[in-house]
Amino acid sequence: MTSTLLIGGSKIDVSIEAGEMKLTHAELLHWVQTAAESVATYYGRYPVTGVQVRIIPVDGSGVRHGQTFGYDGGLIKIRVGEQTQAAELANDWMLTHEMVHLSFPSMADEHHWIEEGIAVYVEPIARIQAKQMIAEQMWADLVRDMPKGQPQEGDRGLDHTHSWGRTYWGGALFCFVADVEIRKQTYNQKGLQDALRGILDAGGGITHDWELARTLRTGDQATGTAVLSDLYAKWKDNPVQVDLASLWKELGIVADGKSVRLLEDAPLAAVRRAITAPHPSTQTNSQAVSPSAVFAGRSIAGSRSRS
Ligand SMILES: [Zn+2]
C-alpha cells in the first residue's frame with residue numbers, strides 16, 4: 001500500500017510492505033507525519049521536495065532499524081516490528097533521526113561522524129520544538145550519553161577514528177559544543193540551527209555530495225561566525241576532551257538520578273533555553289510546516305490541522 005503525505009510543499013510517499021502488523025495504516029501514517037512535522041519545524045520546511053518512506057514489517061516489537069539514502073531524491077527504509085503498539089511509535093526517535101539525514105549533504109566516508117552527529121543532536125531538539133518531547137528529557141539523555149563521544153586512548157581525531165562512540169556521540173558532541181559557542185559569540189542571536197538551515201538553503205541536501213570544509217564555511221556564513229570551521233580544524237586530527245562537567249554547570253543542568261534539574265540562575269541558562277526554544281522565524285513560517293493534506297492511494301483520505 002502506498003500513501004502520500006504533504007508537508008508544506010513536500011511530498012512524502014509512504015509504502016508499507018506486506019506483513020501482519022498490529023498497527024493500522026492510519027497509525028503508521030500518523031507516525032510518519034509526526035516525524036516529518038518535527039523535522040520541518042526545525043528546518044523551517046521539510047528538507048527535500050519529495051522522499052519515499054518504505055516501512056518494512058519484521059518479527060518482534062518496536063522500531064528497529066532505519067537507513068536513509070540520497071538517490072531518487074531521497075529514500076528512507078525503516079523496519080517496524082509486527083507486534084509494535086501505537087504508544088511505542090509515539091516515543092520513537094528513529095524516524096526523525098533518519099529524516100534529519102535528508103537535510104545535510106552527503107560526505108566522504110571519513111566525515112561520516114558529522115552526518116550522524118547532526119542527526120543525533122538535532123533529533124530531540126526538533127521533537128521538542130514540535131512539542132513532541134520535553135527539554136528535561138533531552139538534557140537527561142545528553143548528560144547520560146554525551147560522555148560516549150569523548151576520545152578514548154589511541155584516538156586520532158574525528159576524521160580518523162571511526163568507532164561507534166566517536167561517530168554518533170563524538171559527532172553529537174561537536175554539534176553541542178558548536179551550538180553553545182555560536183550562541184555565546186552572537187549573544188544568543190544565532191545557533192547551530194541557523195547554520196544548518198543555511199547549509200540546507202544553499203542547496204546542501206542529501207542528494208548532493210559536498211566537501212566538509214565548504215559545508216562548514218556555508219554554515220558559518222549563516223551565523224556570522226567561524227565556529228564550525230575553527231572547531232573542525234581543532235578536532236579533525238586531534239583527540240579533544242570536552243569538560244562536560246563545567247558545561248553542564250554553566251548551562252544550569254544538574255543530574256538528579258535518571259532525570260535533571262534545570263537552574264534558571266546559571267550563567268548560560270539563557271543559552272540552554274534558546275537551544276530548545278522554537279526558532280525565532282517559527283511564528284511567521286508556520287504554514288511551511290503544517291500538513292496541507294493526507295492522501296491515501298489516489299483519493300483524499302482526510303486532512304489534519306494543527307493549532
Ligand atoms: Zn543515522
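Are His97 and His101 buried or exposed? His97 is buried, and His101 is buried too. The close-up views below come from a predicted model.

**View 1. Three residues hold the zinc ion.** The donors are His97 through NE2, His101 through NE2 and Glu116 through OE. They coordinate the zinc ion at 2.1 Å. Along the sequence, the spacing of these donor residues reads H-x3-H-x14-E.

**View 2. Helix 3 carries both histidines of the zinc site.** This helix covers residues 94-101. His97 and His101 lie 4 residues apart in helix 3, so about one helical turn separates them. Both histidines are buried.

**View 3. The largest pocket has a volume of about 860 Å³.** Its lining counts 36 residues. Closest to the centre are Trp93, His97, Val120, Glu123 and Tyr168. His97 thus appears here as well as among the zinc donors. Several elements give two or more residues to this lining: strand 4 (63-69), helix 3, helix 4 (112-129), helix 5 (135-145) and helix 6 (164-185).

**View 4. Helix 4 gives the most to the lining of the largest pocket.** Its contribution is 7 residues. What classes of residue make up the lining of the largest pocket? There are 15 nonpolar, 11 polar and 10 charged residues.

**View 5. The largest cavity has a volume of about 50 Å³.** Across the whole structure, a search finds 2 cavities of 30 Å³ or more. Rolling a probe the size of a water molecule over the atoms shows where empty space is left. The residues lining the largest cavity are Phe104, Ile114, Ile118, Phe174, Cys175, Leu192, Leu196, Ile199, Leu216 and Leu228. Helix 4, helix 6 and helix 7 (192-201) each give two or more residues to this lining.

**View 6. Helix 7 provides the largest share of the lining of the largest cavity.** That share is 3 residues. Which classes does the lining of the largest cavity contain? It has 10 nonpolar residues, no polar residues and no charged residues.

**View 7. Confidence in the model is given by pLDDT.** The mean pLDDT of the protein is 92. A pLDDT of 70 or more is reached by 92% of the residues. Where does the pLDDT fall below 50? It does so over residues 291-307. Beyond near neighbours in sequence, this stretch has 37 contacts in the model.

Definitions and conventions
Residues numbered from 1 in each chain as written. Predicted model: local features only at pLDDT ≥ 70, side-chain atom pairs only at ≥ 80, totals over all residues. Heavy atoms only, no water. Donors = N, O, S within 2.8 Å, 3.2 Å for Na, K, Ca; no water. Buried < 20%, exposed > 50% of the residue type's maximum accessible area, 1.4 Å probe, protein only. pLDDT = per-residue confidence, 0-100. Contact = heavy atoms within 4.5 Å. 1 Å grid on protein atoms, 1.4 Å probe; cavity = no way out; pocket = protein on both sides within 12 Å on 5 of 7 lines; lining within 4 Å. Points joined across faces, edges and corners; volume = space filled by probe spheres on them. Nonpolar A, V, L, I, M, F, W, Y, C, P; charged D, E, K, R; others polar.
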